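Please find below my notes on the annotated site, set out as numbered points for checking against the coordinates.

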Amino acid sequence: MTAQTTQARDLAVVIGLEVHVQLETATKLFCGCSTDTADSEPNTHTCPTCLGLPGALPVVNEAAVEAAVKVGKALDADIPEETRFHRKNYYYPDLPKNFQVTQYDEPICQDGSLEVAVADERRTIGIERAHLEEDPGSLKHEGGAIDRAEYTMVDYNRAGMPLMEIVTDPDFRSPTEVRAFLEKLEEVLEYLGVFDAERDGSLRIDANLSVVDAEEVAEDGTIPTDVLADANRTEVKNISSHKGAAKALSYEETRQKNAVRRGRAVEQETRHWDESRGITVSMRSKEEEKDYRYFAEADLPPMRVSGWKEEIAIPELPDARRERFREEYDLSAEEASKLTSTKQVADFYEALTDEFDAGFAASWVVDRLLGELNYRDRSVGSVDRAAFVRLLELVDSDDITVKNAEEVVLRAMLDDGSDPDAVVEAEGLGKTSGDAVEEAVEEAIADNPDAVEDYHDGEGGALNFLVGQVMQSTGGSAEPGAVNELLREKLDS
Amino acid sequence: MGDSEYNAFVTETTIEGADDGPLAGKTVAVKDNISTEGVRTTCGSAMLADYVPPYDATVVQRLKEAGATIVGKANMDEFGMGSTTETSAYGPTENPAAPGRVPGGSSGGSAAAVAGGLADLALGTDTGGSIRNPAAFCGVVGIKPTYGLVSRYGLVAYANSLEQVGPLAPTVEEAAALLDVVAGPDDHDATTRQEGADADYAAAADGDVEGMTVGVPTELVEGADEGVRETFEAALDDLRAQGVETVEVSLPSVETAVQAYYVIAMSEASSNLARYDGVRYGVSGGYEGDWNESFAEGREEGFGEEVKRRVLLGTYALSAGYHDKYYAKAQDARAWIQQDFDEAFAEADVLASPTMPVPPFEMGESLDDPLQLYLSDANTVPVNLANLPAISVPAGETDGLPVGMQFVGPAFGEHAIVRAASALE
């Protein structure tokens, strides 16, 4: 085909993901070493097994298998009668045994799906499989990047951490969908209590991306398999967040579309996402077909997991909780959605409903707290719960104005960790009593005869001016509505 | 060549056990592929010449708790790959029972230590006959336990789906008593089982075989040397005289056993030995090129010829395009062999055959013809493929050379083979 014809073509992007998730367990996948390696010296969380010493043997950590079953249930996947481990053989300096214990043709989860909201559309992303495997160690290159390093050091603290690799079908039609999926996946994993997004390297993403003729994409988003098979794809590695995924894949989408439009072929290759430069870089395409020589790991007998799916319970997931919030607390779709965006927020909110009106609490969390937190790039976990409850009590009992509660007290709480009562006291925010307001109103009328005259002449601005005077003299602690009403009463009598 | 008598040990040492216990006062030789904390464990390889394990194998821990004193790390074919102990990087071991002949292998050092009186007892390991073969060649007793009876934690893997640690001793009862010490489940080895854990194997060495049925698989007798067969037949007569009934049984699939065994063992070995890449073990540094080239050079230097041969063949057998032709087929053969044994045990309590079809080779004789040497494993490898227990017990001599008799039992049927073997003493 010629460059002219390709230029006119409308192109669609097809993406599939391999997501590596680190499961939160107390110990590693095949040994008793602690997974709490943050701030530890290198090679201090190791033993003969995770170091791959001669003669050491793996023993499966059942907590990791349980976590995998939970993920499988949440992804609505098939969990087989029996599952087993295989060896994936390849040489790499971070791999203690020069093979990785992983799962091959009998993974713990198969054929699942996850529903994602993208803009107003709900999309179902197929999950081909999800399996357990051990993490390799990590390499530290001294004296520059990998190709320029003087020498490389190996840290085996990470070796043997439990990973779950989740492989999707090529169901994504845009980088935005990928981001939405990853956000949803993280949310679900957090709900399950098997994942900690804060942990360094807890989410690692490889993406396969290709472009096809937009005409080939059916109304429902499906693409004929032969078209998919014919399209050259690139595998983009080294993505470590959902934000990074959207950026990397947008870059790669543009790069491939430009190539095709210029009549050049997309080369089938592995590309490295360079986060700091914001580009993908070819990792040299001299890529022989990789042959991992998979075979069964005889040191780990097959595990019967058929009963586990029934025995292991999973908590209420975000979609179900959102629907329940809407009904039970009579919330809008937007409120319910924001309140269930993370388990932390949902738990925080739901505890408030014991003490406060659900709608009142919702408006405070959604409209005020989350906004202030977002502005400060903080999570709800950093909020002093007791202080926030006290703040709502002050508002609820009409002791301070909503405006002061939000703009003064809440911000002081978040910024300085101040106690709400202390802020109210120090700033004199206690609502001014009825008598004091009345006094101030009478004073304003007496002091501003011109404005009073203007009011009686029907000038609308005059009343607002008088309200302002009263607010000023009460230091903002009066309710503007009440002042307005009282003024009218006095002036009209 | 080392300093120890018969070159039975790679490293002589003294590791004291507990003050009392069933093995108090006993000296034990431990094959040099079984990890000993603080004492180097070479696997007979130059690659691990300086490797000192920071931990004890479970069986070593159990020896210590039982009061045994470990006197040396016994010589062996490199990583267990051989049946003569001649592939050791530390020189060959001599056969105390047959001067000028090999002691068998790969646990040749363990068998020689017992036969030569350097240790009361020994631990060996058996992947395809590596305990029974040297026991037969050195005229001692050796037991290959059911897969899963003895912990492999700390046993440096050659072919992990096949191998077990087991005892060698001058008598059946002593071998069984050592098995009593090391047998039983281990939290560090997921393949160990509860079955057979609290058995008293030594008590089964009572020679009481009256009424026992011994099956003789024709396939495992036909190929043996004349002299070996005569000794074997005489031992069967002895058993019949003690009230044993012998029946012929057939194991038609064993003709594939040697091929299947070597494909599986080499495939597993190619993976198990991958970690020896010159970074943490063996010679490293100073190589030009990328790490693949550096790994290749380190392995070229650190491994002996037989190890390289098996790693290369194993890598080939697992490769895309060949996996189904070799590895998958070998697994099928393994399943058929297991089935054949199951059927044979419907007719007999134990099976009997010569342990080795030939008497011990002369030193140096077999090195140039690996295939011929592999074929001499015909009687021992089916047992490993079927995960079964077997014992080799001295059955007599041919031309002054020791001949061993092998009894094979059903899974966790160690009592029966111990009893049958004790009747020949």
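1. The model is predicted, and I begin with one of the annotated residues, B:S106, which sits in chain B in the loop that runs between β3 (69-74) and α2 (108-115). This serine is buried, its relative accessible area being 1%.

2. Leaving aside residues up to four places away in sequence, B:S106 is in contact with B:K31, B:N75, B:M76, B:D77, B:G80, B:G82, B:S83, B:T85 and B:S130. Two of these partners, B:K31 and B:S130, are listed together with B:S106 under the feature "active site" in UniProt, in an unreviewed entry. The three annotated residues span 100 residues in sequence, yet no two of their C-alpha atoms are more than 10.9 Å apart, so they gather at one spot. Of these residues, B:S130 is included in the lining of the second largest cavity.

3. As for its place in the fold, B:S130 belongs to the loop between β4 (121-126) and α3 (132-138) of chain B. With a relative accessibility of 6%, B:S130 counts as buried, because that value falls under the 20% cut-off.

4. Which residues does B:S130 touch, not counting those up to four places away in sequence? They are B:K31, B:G80, B:G82, B:G105, B:S106, B:S107 and B:T125.

5. The two annotated serines also meet through their side chains, since the model places a polar contact of 2.9 Å between the side chain of B:S130 and that of B:S106.

Note on methods
Residues numbered from 1 in each chain as written. Chains lettered and ligands numbered in written order. Predicted model: local features only at pLDDT ≥ 70, side-chain atom pairs only at ≥ 80, totals over all residues. Heavy atoms only, no water. UniProt positions renumbered as here; feature names shortened; annotations may be inferred. 1 Å grid on protein atoms, 1.4 Å probe; cavity = no way out; pocket = protein on both sides within 12 Å on 5 of 7 lines; lining within 4 Å. Helix = DSSP H or I, 4+ residues; strand = E, 2+ residues; numbered from the N terminus. Buried < 20%, exposed > 50% of the residue type's maximum accessible area, 1.4 Å probe, protein only. Contact = heavy atoms within 4.5 Å. Polar contact = N/O pair within 3.5 Å; in protein donor to acceptor, adjacent residues only side chain to side chain.
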